[in-house]
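Biologist: Could you take me through one helix up close, with what packs around it? I'd like the cut-offs as you go.

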Amino acid sequence: MSSSVPYVTDRVPGEAAHYLPHDPYEPLDVDRVKAFVDGTSDEPDVRLAVLGVLRAHSMNGAETPAAVFAIMVAALTMLASSMGALSAFGGAVGWALGISMIIGCVRFTTFAFAAHIRRMTCGVWLAAYEDSLR
């Protein structure tokens, strides 16, 4: 989990938040699905909000930010290696950039895995809700 990858934000209507997962460990069972179907049968806006949030999260992983981050790391690696070849000061700057990139990669990996887990969790919830509406 990561606070930077929330399941429910303040933009989600309060009525809809009740039917959404709040973390990857929240159980989905038959009673929960029945509560969604029955509780939103007369509230199409709430149903639409729930399905919309789940669909958005189930399609939104960390692929694009990861690709951009990888390109930035590659560019910084080239910069650091060329600086190291120029002088001792360049070597120190290269080491500093390298350490910064490792810290950034660890931090970004946490976000990427949290986004991936949210994507999988919301995909399962979305499929269960959609199947129950058919």
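Modeller: Here is a walk around helix α2 and its aromatic surroundings. Keep in mind that this is a predicted model, where local features need pLDDT of at least 70, side-chain atom pairs count only at pLDDT 80 or more, and totals for chains, interfaces and linings use all residues. Residues are numbered from 1 along each chain as its sequence is written, and side-chain values use heavy atoms, with hydrogens and water left out.

Helix α2 spans residues 30–39, and its buried residues are Arg32, Val33, Phe36 and Val37. Helices here are DSSP runs of H or I, at least four residues, numbered from the N terminus; buried means under 20% relative accessible area, exposed over 50%, and partly exposed in between, with a 1.4 Å probe and protein chains only. Those four cover an arc of only 135 degrees around the axis, which puts them on the same side of α2. The arc is taken from the directions from the helix axis to the C-beta atoms. As a reminder, an α-helix has 3.6 residues a turn, so residues three or four places apart point the same way. Turned away from the buried side is a face with the exposed residues Val30, Asp31, Lys34 and Asp38.

So much for the helix alone; now its cover. Among the elements over the buried residues of α2 are α3 (44–59) and α5 (88–133), with contact meaning heavy atoms within 4.5 Å. Take Arg32 in α2: at 18% relative accessibility, it counts as buried. Leaving aside residues up to four places away in sequence, Arg32 touches His18, Tyr19, Leu20, Glu26, Pro27, Trp125 and Tyr129.

Phe36 brings in the rings. The whole structure has four aromatic pairs, where rings of Phe, Tyr and Trp (its six-membered ring) pair if their centres lie within 6.5 Å, and planes under 30 degrees apart count as stacked, over 60 as edge-to-face and the rest as tilted. In one of them, Phe36 and Tyr129 have ring centres 4.0 Å apart and planes at 10 degrees, so the pair is stacked. Phe36 lies in α2 and Tyr129 in α5, so this pair ties together parts that are 93 residues apart in sequence. Both Phe36 and Tyr129 are buried, and they belong to one aromatic cluster with Tyr19 and Trp125. There's a charge here too: the charged end of Arg47 sits over the ring of Phe36, 5.8 Å from its centre. That label requires NZ of Lys or CZ of Arg within 6 Å of the ring centre and within 35 degrees of the ring normal.

Note on methods
Helix = DSSP H or I, 4+ residues; strand = E, 2+ residues; numbered from the N terminus.
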